[in-house]
Amino acid sequence: MKSKTRPIVGIDLGTTNSAIAWIQEGKPAIVSSPKRERIIPSVVHIDTRGQVLVGQDAVGSKIAMPSRTISAIKRHMGSEEPLSIADQMLLPEEISSLILKELKGFVATTFPDETAIEAVITVPAYFTDAQRRATKRAGELAGFVVERIINEPTAAALAFGLGKPDQTGHILVYDLGGGTFDVSVVEMYSGILEVKASAGNNLLGGEDFDWLLLDYMAEHVVAEYGVDPRLDLRAKTLLKEKAEETKKLLSMSERVDVSIPLLCFKDKDPIGLAIEITRVQFEAMIDDLLRETTELVTRALADAHLLPTDINEVLLVGGSTRIPKVRELIRDIFEMEPRTDVDPDETVALGAAVQAGIKSGELTAESLISTDVAPFSMGISVLHQIGASMRSDWFSVIIPRNTTIPVTRTEQYHTSSDGQRAVSIEIYQGESEQAKENYSLGEFMLEGIPANLAGEEAIDVTFSYNINGILEVAAKCVSNGKEMHISVHDQLQRDSEEEFSQSLERIHQALANSRLFDDEFDFDDEEMDITVEADDEFLSANRSLASLIDEAKLAVAKGQRLVSALDELAAKNLLQQVDQVLQLLENPEVTSLRNALDDLVDMLIDYDMEGED
Ligand code: AMP
């Protein structure tokens, strides 16, 4: 069916999972993948043909080929450090764009004639300017017109507020996802949602809980066998999967038996893991991190000048809020049950779709309006007099954190030396009194100030922060009207035309270069390490035919290489199995190929060890 309205979608680009939604028949609705998944893991894999797999298929390839797979890329957004995937270096936003492109595929069939689909993409309220811009760029690289970047808790409140235009009161949104934590206090009145305050930590989430569990398991192996499985990439990947699985099980059970039959080797002897972990032990591991979230809740309440008793509803968003201890802490603070009728995995995408619907006019009847706040203070570096001494690099705040946006504020400053003809405007974002300890947003010079005595010339500095979290700065000499301005956003736009095509080219090249083979069997030794013992059920459920074929070809190549090092009987057995896989490769079918490949991989593990003797 072809939609009559302009295509505009809402996207939750999460650390662990991502989802896409739009307005259907006046309501936000998740758009499922062709395999009917409502959310997909934010995992990217580049296979040996240079094809991109995103979601469950990528998860399935993670253990077999960890160096070709990246998860939790959101934690790197805004960094200019490229990351290695399939031996190619890509920027975090370039890798994220592959996830967004996959999501775009879910809606593309509905809008086959449209070249550009507009998108509202969510980010944690506590994302910095650079992280927001990287997200916008990821969207553009995926081929979206990024209409708006909105804060995740705002989106959650929008999803909650839809259909309740008469409700008044304060909502607290506690959003603990895979990689980030955000808390926002939102006031609702007459269909208006006003964010009063936000606080958060961009590097605190379920991933951290997984790493703590992983360390606990690894230390157990170190104590028992004197081998650290974290030093082996494949064993580490296995442990990470197991840690997350254990964490989720501990949300349902008081104790969990953790078992990995083959984790790694010590002097060619297989080492496994079999321990019990209790919920109490897990809660003790994550206690400090959960305490940090409650401290941030307290800070957001204080910034909004509210007490816990002023909060009418608490919305829990993000998969990690399923941890029973989180709910217990919330109950203790607010003395009420948090809302459980909102789906923590889907709310943010649905809220982004509400914002998209408001933009496209599909939701006018609901007359919902949302306002947001600036998550960080913004200002400039100045000379500051403290007592008799002058201090340089003082951070003079022009827009304090948690100011409602959009906002424009002007502050007046004065020249600091006789005959001064120019001032340097250095712009920062953050909360430290020392400007350089904050995040630098850019700088420019205002020249042409009339020569005068120190303090005689006034300079007006104006900051305008728009709804997308993008800042414009202007500096004006009051006496002669000479003015200079910079838009952090525009500056990026200018660079980005060139950088944009470079990025597209880099992605294209990375995919081309990452091909291990086309039609012939070619291999590289690192990828030979496909000792696919792992969690068989998990792997087999998720392997796509294409990646299965790749793995089979690699296994065949390795088998053929190994034959000459084996005794006659072993060589015969191995060759038989290789032949069987080769035959199946001629007309591949998932189940039979998978079974034959699994047998071949078992043989490779056994014979490989013998061959090395
Ligand atoms: P999100 O970023 O909102 O998709 O949240 C994903 C995070 O939630 C991941 O770290 C998951 O491991 C975690 N998660 C999902 N389900 C559960 C659960 N039942 N118990 C604990 N954590 C969970």
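1. Ligand shell. In this predicted model, 15 residues surround the ligand. Gly178, Glu244, Lys247, Ser251 and Gly319 are the closest of them. By class, the shell is made up of nine polar residues, five charged ones and one nonpolar one.

2. Polar contacts to the ligand. Two of the contacts listed here use ligand oxygen atoms. One oxygen atom sits 3.3 Å from an N or O atom in the side chain of asparagine 17. For serine 320, the partner is a polar backbone atom, 3.2 Å from an oxygen atom of the ligand. Arginine 322 contributes through its side chain: an N or O atom there is 3.3 Å from a nitrogen atom of the ligand.

3. Cover and contributors. On its own, the ligand has 500 Å² of accessible area, and the protein covers 89% of it. Two or more shell residues come from each of α5 (206-225) and α6 (233-250). Which element gives the most to the shell? It is α6, with three residues.

4. The six-stranded sheet. Six strands line up as β17-β12-β13-β14-β18-β21 in an open sheet with mixed pairing. At the edges stand β17 (313-317) and β21. Each has a single partner strand, so one side of each lacks a neighbour in the sheet.

5. The β13-β14 pair. Within the six-stranded order, β13 is followed by β14. Strand β13 covers residues 181-189 and strand β14 covers residues 192-201. The two run antiparallel and are joined by nine bridges. Serine faces serine in one of the pairings: the bridge partner of serine 184 is serine 198 in β14.

6. The three-stranded sheet. A separate entry for the strand list is the open sheet β6-β5-β7, with antiparallel pairing. Its edge strands are β6 (52-54) and β7 (69-71), and each pairs on one side only. Neighbouring strands here are turned by 15 degrees against each other on average, direction ignored.

7. The β5-β7 pair. How many bridges link β5 and β7? Three, in the antiparallel sense, with β5 spanning residues 43-46. Valine 44 has isoleucine 70, in β7, as its bridge partner. As background, strands of a sheet pair through backbone hydrogen bonds, either parallel or antiparallel.

8. A helix across the sheet. Helix α2 takes in residues 92-108. This helix lies across β5, β6 and β7. Relative to β6, α2 runs at about 70 degrees.

9. Backbone points to check by eye. Most residues other than glycine have a negative phi, and most peptide bonds are trans. Two places depart from that pattern. The peptide bond joining isoleucine 405 and proline 406 is cis, with omega at about 0 degrees. Proline 406 is in the loop between β21 (404-405) and β22 (407-414). Arginine 36 is the other place: its phi is positive, near 65 degrees. Where does arginine 36 lie? In the loop between β3 (27-30) and β4 (40-41).

10. Link between points. Strand β21 turns up twice in this note. The strand stands at an edge of the six-stranded sheet, and β21 also borders the loop that holds proline 406.

Key
Residues numbered from 1 in each chain as written. Predicted model: local features only at pLDDT ≥ 70, side-chain atom pairs only at ≥ 80, totals over all residues. Heavy atoms only, no water. Near = heavy atom within 4 Å. Polar contact = N/O pair within 3.5 Å; in protein donor to acceptor, adjacent residues only side chain to side chain. Areas by Shrake-Rupley, 256 points an atom, 1.4 Å probe, with all protein chains shown as cover. Helix = DSSP H or I, 4+ residues; strand = E, 2+ residues; numbered from the N terminus. Nonpolar A, V, L, I, M, F, W, Y, C, P; charged D, E, K, R; others polar. Pairing = 2+ DSSP bridges. Axes fitted to C-alpha atoms, helices over the stretch in contact; angles between N-to-C directions. Contact = heavy atoms within 4.5 Å.
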